[in-house]
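Hi everyone, thanks for coming. I'd like to walk you through a protein model today, so let's get it up on the screen.

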Amino acid sequence: MSHDVLVIGAGCAGMRAAIEAHDAGADVAVVSKLHPTRSHSGAAEGGINAALGNAKEDSPEAHAYDTVKGSDFLGDQDAIEVFAKEAPGDIYQLENWGAVFTRAEDGRLAQRPFGAAGSPRTIFAADITGHVLIQVLYEQLVKRNIKVYEEFFAWKLVEDDGRCQGVIAWDMLNGGLKAISGKSVILATGGAGRVYRVTTNAYACTGDGMAMALRLGLPLKDMEFMQFHPTTLYPTGILITEGCRGEGAYLINKDGERFMKKYAPNALELASRDVVSRSEQTEIDEGRGINGSVMLDLRHLGAERIISRLPGSRELAMTYAGVDPIYDPIPVRPGAHYHMGGVSTDIHGKTELEGLYAAGEVACVSVHGANRLGGNSLMETITFGRRAGRTAAEDAHFAPDAAVPDSALADAERELGELLGRSGGERPWQVREELGSSMLDNFGVFRREEQMSNEIEIIEKLRHRYNNVVVEDKGGVFNSDLTQAIELGYCLDLAACMVQAGVARKESRGAHARPHDYPTRDDDQFMKHSVTRWVDGAPKLDYAPVTVTKWQPTERTY
Ligand SMILES: Cc1cc2nc3c(=O)[nH]c(=O)nc-3n(C[C@H](O)[C@H](O)[C@H](O)COP(=O)(O)OP(=O)(O)OC[C@H]3O[C@@H](n4cnc5c(N)ncnc54)[C@H](O)[C@@H]3O)c2cc1C
């Protein structure tokens with residue numbers, strides 16, 4: 001089990017990287033704990049951003065500026081310029097591969113308005129864009145006969161001789177640990193929304209790749225920036241796409257007032273996500289919500305538009321909230337959605353460790369800075385997935401053969417034996433519940449010093465308890481008791497990094513809002529990336545500069 005390029009993760013980023021590496025001549029394999037088309041990318045609804053030039057005033061330059069401003073000036077502008085410039089070509093590539101994007105009447109690709117975008121820039125396939133992309137990419141994977149180690153759970157990255165050599169994975173179908181090596185290894189394991197109890201993210205989004213890199217000594221960047229999406233369904237937290245507001249839906253409070261006119265008089269419901277989430281939370285906190293929610297009103301769009309443009313959202317609302325948006329508004333509230341932070345990479349997807357790359361939500365390039373714009377994440381998975389795949393394949397050409405040392409596998413076997421050997425102890429779910437609930441309470445839309453300090457102590461205690469959890473299923477076949485216990489360990493480490501960086505950031509920027517003690521952005525002290533490493537069993541925080549090419553920070557209003 002040895003390859004030129006080994007991709008860990010089979011969402012949009014992983015598959016796009018694998019395709020590119022294959023086309024650059026490498027022998028490629030993909031490791032995934034899920035069947036590729038079940039990856040969370042498939043749940044993406046609203047669309048994907050590129051300045052195709054359909055609107056006369058739009059351009060890659062405008063896309064780049066909107067992204068910089070949206071990031072609250074924490075995004076690296078060199079990365080953002082590359083991103084905006086290469087995005088249109090990547091869209092046409094997907095279209096040529098068969099992505100059935102919705103079309104405008106003149107036959108060109110339709111584009112809908114999305115939050116904080118200067119013009120309609122979001123390409124979409126009704127409201128199942130991610131589903132369409134993941135199917136198209138999977139077809140291309142199959143067409144190229146790219147090997148997929150399906151239902152293999154990557155547990156540990158392995159470093160030897162100053163290089164990443166591969167990964168040790170648990171074979172979920174047959175049981176047992178397997179070593180899989182790659183001259184180049186690309187992390188594409190997605191986000192970590194499951195650190196929170198209520199999230200739009202699938203159960204598999206537990207930040208595995210971030211935590212594996214962290215444990216290997218690599219730096220994670222901007223971990224305090226977790227995006228809360230403004231419209232998640234009450235009570236489940238399932239996402240209702242920003243595409244609803246893009247098509248013209250209103251947000252109203254219990255008095256039927258379109259409250260966004262108070263907070264973002266120009267952009268209204270299409271202000272950036274951090275702004276809309278804070279506005280909703282303020283309405284709810286000040287008693288103008290209903291059941292801890294506000295209402296998303298689509299009624300004025302009419303049945304025809306709702307059915308043709310937003311059929312998935314209608315179905316979700318009917319199934320999970322018992323509301324048909326043609327006749328009634330949908331109860332929504334902010335929910336944990338997207339991690340702007342992740343494994344620090346350069347614009348070629350390279351991490352600090354020779355032979356290790358990262359792309360997609362697991363990575364922090366950083367395109368999104370302190371706040372991501374809707375539609376920019378799918379685009380990032382494609383553009384930077386492609387770039388990482390290309391670099392990894394080219395580097396593999398000159399790299400030495402890779403091998404996971406026997407000693408690394410033996411150490412992992414020992415550790416696994418210890419975990420499965422425990423007979424008494426606490427079951428992991430209790431720890432997971434307490435982590436998720438406390439993160440929601442203490443590290444949500446608004447953050448207070450005291451709550452964050454308290455959360456650090458809670459996480460510390462939970463990490464202590466985690467050391468003694470018991471995995472009751474000792475079997476080899478589909479042992480989800482085991483894999484969930486491992487995932488919980490990842491979530492705990494990441495939560496510790498997030499809150500530590502949050503306490504230290506004494507300002508309000510993007511998704512990190514401290515209205516009670518540091519209500520404004522402080523560019524003098526904090527226009528810098530947080531950088532966290534794992535040192536002696538605890539997170540250690542440092543900072544790195546932001547790359548500015550042409551846009552100096554200005555006040556951000558919508
Ligand atoms: C409900 C929802 C809707 C969204 N809508 C939009 C949208 O409309 N537009 C937009 O731009 N963005 C959207 N986003 C964000 C965007 O979809 C994601 O950020 C993006 O798809 C992440 O892609 P990825 O390839 O990085 O990771 P994922 O698609 O999450 O894939 C991760 C892969 O890694 C594998 N993996 C993880 N851990 C391991 C492990 N330990 N071992 C082996 N394999 C592992 C998984 O099996 C999976 O294949 C949405 C997100 C959500 C949750």
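I'll go through the ligand, then some strands, and then a few single residues. One thing to keep in mind is that this is a predicted model.

Okay, the ligand. Which residues come nearest to the ligand? There are 37 residues around the ligand, and Ser39, His40, Ser41, Glu361 and Ser377 come nearest.

Let's look at some polar contacts there. Serine 41 has an N or O atom in its side chain that sits 2.5 Å from an oxygen atom of the ligand. Glutamate 361 brings a polar side-chain atom to 2.6 Å from a ligand oxygen. With alanine 10 it's the backbone that does the job: one of its N or O atoms lies 2.8 Å from an oxygen atom of the ligand.

And how much of the ligand's accessible area does the protein cover? On its own the ligand has 1000 Å² of accessible area, and the protein covers 98% of that.

So who builds that shell? Helix H1 (12-23), strand S2 (28-32), strand S7 (152-160), strand S14 (330-339) and helix H11 (376-398) are the elements that give two or more residues to it. H11 gives the most, with four residues. If you sort the shell by residue type, you get 14 nonpolar, 18 polar and five charged.

Right, on to the sheets. A bit of background first: strands of a sheet pair through backbone hydrogen bonds, and they can do that parallel or antiparallel.

Here's a small example. Three strands form an open sheet in the order S3-S5-S4, and the pairing is antiparallel. The edges are strand S3 (48-49) and strand S4 (111-112); each has a single partner strand, so one side of each has no neighbour in the sheet. S4 and S5 are held in their antiparallel pairing by two bridges, and if you look across from arginine 112, you find threonine 122 in S5.

Let's stay on threonine 122 for a moment, which is in strand S5 (residues 122-123). Is threonine 122 buried or exposed? Its relative accessible area is 0%, so it's buried, since the cut-off for that is under 20%. Its side chain makes a polar contact with the side chain of asparagine 49, at 2.7 Å. Leaving out residues up to four places away in sequence, threonine 122 touches Gly46, Gly47, Ile48, Asn49, Ala110, Gln111, Arg112 and Phe114.

Next up, S7, S8 and S9. S7 and S8 run antiparallel, with eight bridges joining them. One pair to look for is valine 158 with its bridge partner in S8, glycine 166. These two strands form a hairpin with two residues between them, and aspartate 161 in the turn has a positive phi of about 55°.

S8 also pairs with strand S9 (residues 177-187), again antiparallel, through five bridges. Here alanine 169 is opposite lysine 178 in S9. This hairpin has five residues between the strands, and glycine 175 has a positive phi near 80°. What about burial? Nine of the nine residues of strand S8 (residues 163-171) are buried, so S8 is largely enclosed by the rest of the structure.

Now for strand S13. In a regular strand, side chains alternate between the two faces of the sheet. With strand S13 (residues 294-297), both faces are covered: Val294 and Leu296 are buried on one side, Met295 and Asp297 on the other. S13 runs antiparallel to strand S12 (residues 250-252), with three bridges, and leucine 251 has leucine 296 as its bridge partner. Three bridges also join S13 to S14, antiparallel too, and there methionine 295 is opposite proline 331.

Leucine 296 turns up again with threonine 231, as one of the residues it touches. Threonine 231 lies in strand S11 (residues 226-233), and it counts as buried because its relative accessibility is 0%. Its side chain reaches the backbone oxygen of isoleucine 240 at 2.6 Å.

Last one: glycine 25, in the loop between H1 and S2. Is glycine 25 buried or exposed? It has 64% relative accessibility, and the cut-off for exposed is over 50%, so it's exposed. From glycine 25 to alanine 192 is 167 residues in sequence, and 32 Å in space from C-alpha to C-alpha.

That's it from me, thanks for listening!

Note on methods. Residues are numbered from 1 along each chain as its sequence is written. This is a predicted model: local features need pLDDT of at least 70, side-chain atom pairs count only at pLDDT 80 or more; totals for chains, interfaces and linings use all residues. Side-chain values use heavy atoms; hydrogens and water are left out. Buried means under 20% relative accessible area, exposed over 50%, partly exposed in between (1.4 Å probe, protein chains only). A polar contact is a pair of N or O atoms within 3.5 Å; within protein, one must be able to donate a hydrogen and the other to accept it, and residues adjacent in sequence count only if both atoms are side-chain atoms. Contact means heavy atoms within 4.5 Å. A residue is near a molecule or strand if one of its heavy atoms lies within 4 Å of it. Accessible areas come from the Shrake-Rupley method with a 1.4 Å probe; for residues, only the protein chains shown count as cover. Ala, Val, Leu, Ile, Met, Phe, Trp, Tyr, Cys and Pro count as nonpolar, Asp, Glu, Lys and Arg as charged, and the others, Gly among them, as polar. Two strands pair if DSSP finds at least two bridges between them.
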